[in-house]
Amino acid sequence: KLDTDLVYGNEAVQLSGVTASDFAAIAKAGIPPAASARGIVRSGRSFRRQDIIELRRVLDDSTPYYAAAAVLGITKIGLEQLDAMGLVKAVNHPALNLLGRTPAVSGASIAQLKSSLIEHRKDPSFVEHGILASRLFLSIGGRPKPWGPLVALLLSGSVPFGFEDECNLS
């Protein structure tokens, strides 16, 4: 009888959501750690099911900086500023490094930031008394604006703003 808390070979690969070669590289690095089969003799390495599920959760929730920046319409530098201010959450996991998926941020934190911006915006049709977010995020003379402080200012509610129809957030 096999231990149902453990997964082996192809089942571990499928549960992880990565290719067999990517899983082999991750497993070789000890992420997730191999588990003992508690006296059961079976060829191949075994892993705790929960460790593989957690690995999958991290991989599924991580969004590369370039993709997250594109969603928000800002540069990688702007995203780094948002991370430094705690407005998005960086994801640092050794498996992401091994797979070349770094730097990355939590997709859930990007969704939360988008939701907060939408919640704090004024009437989407308004233009005359506030700032359109796309104008706020433009660079000036090729130099990027300080996005972190700008987004924090928008979220504070002290500056009325809205989005154009084509904005990714609305």
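Helices α4 and α7 are roughly parallel to each other, and in this predicted model they offer a convenient place to begin. Helix α4 spans residues 65–72 and helix α7 spans residues 107–120, and the two pack at an angle of about 10° with their axes 11 Å apart; because angles under 35 degrees count as roughly parallel, the description follows from that angle. The crossing of α4 and α7 is right-handed. On the α4 side the contact is made by A68, V71 and L72, while α7 contributes I110, L113 and K114, and by class these residues divide into 5 nonpolar, no polar and 1 charged.

A second pair of helices can be read in the same terms. The axes of α1 and helix α3, the latter covering residues 49–61, come within 8 Å and cross at roughly 30°, which makes α1 roughly parallel to α3. From α1 the residues E11, A12, Q14, L15 and S16 take part in the contact, and they meet R49, I52, I53, L55, R56 and L59 of α3. This contact of α1 with α3 has 6 nonpolar, 2 polar and 3 charged residues.

One participant, S16, can be followed further. S16 is found in helix α1, which runs over residues 9–16, and its relative accessibility is 1%, so S16 counts as buried, the limit for that label being under 20%. Its side chain reaches the backbone oxygen of V13 at 2.7 Å. When neighbours within four places in sequence are left aside, S16 is in contact with F23, I52, L55, R56 and L59; of these, I52, L55, R56 and L59 belong to the α3 side of the helix contact described above.

Note on methods: Residues numbered from 1 in each chain as written. Predicted model: local features only at pLDDT ≥ 70, side-chain atom pairs only at ≥ 80, totals over all residues. Heavy atoms only, no water. Helix = DSSP H or I, 4+ residues; strand = E, 2+ residues; numbered from the N terminus. Buried < 20%, exposed > 50% of the residue type's maximum accessible area, 1.4 Å probe, protein only. Polar contact = N/O pair within 3.5 Å; in protein donor to acceptor, adjacent residues only side chain to side chain. Contact = heavy atoms within 4.5 Å. Axes fitted to C-alpha atoms, helices over the stretch in contact; angles between N-to-C directions. Parallel < 35°, antiparallel > 145°, perpendicular 65-115°, else oblique. Nonpolar A, V, L, I, M, F, W, Y, C, P; charged D, E, K, R; others polar. Left-handed = near helix turned anticlockwise from the far one by under 90°.
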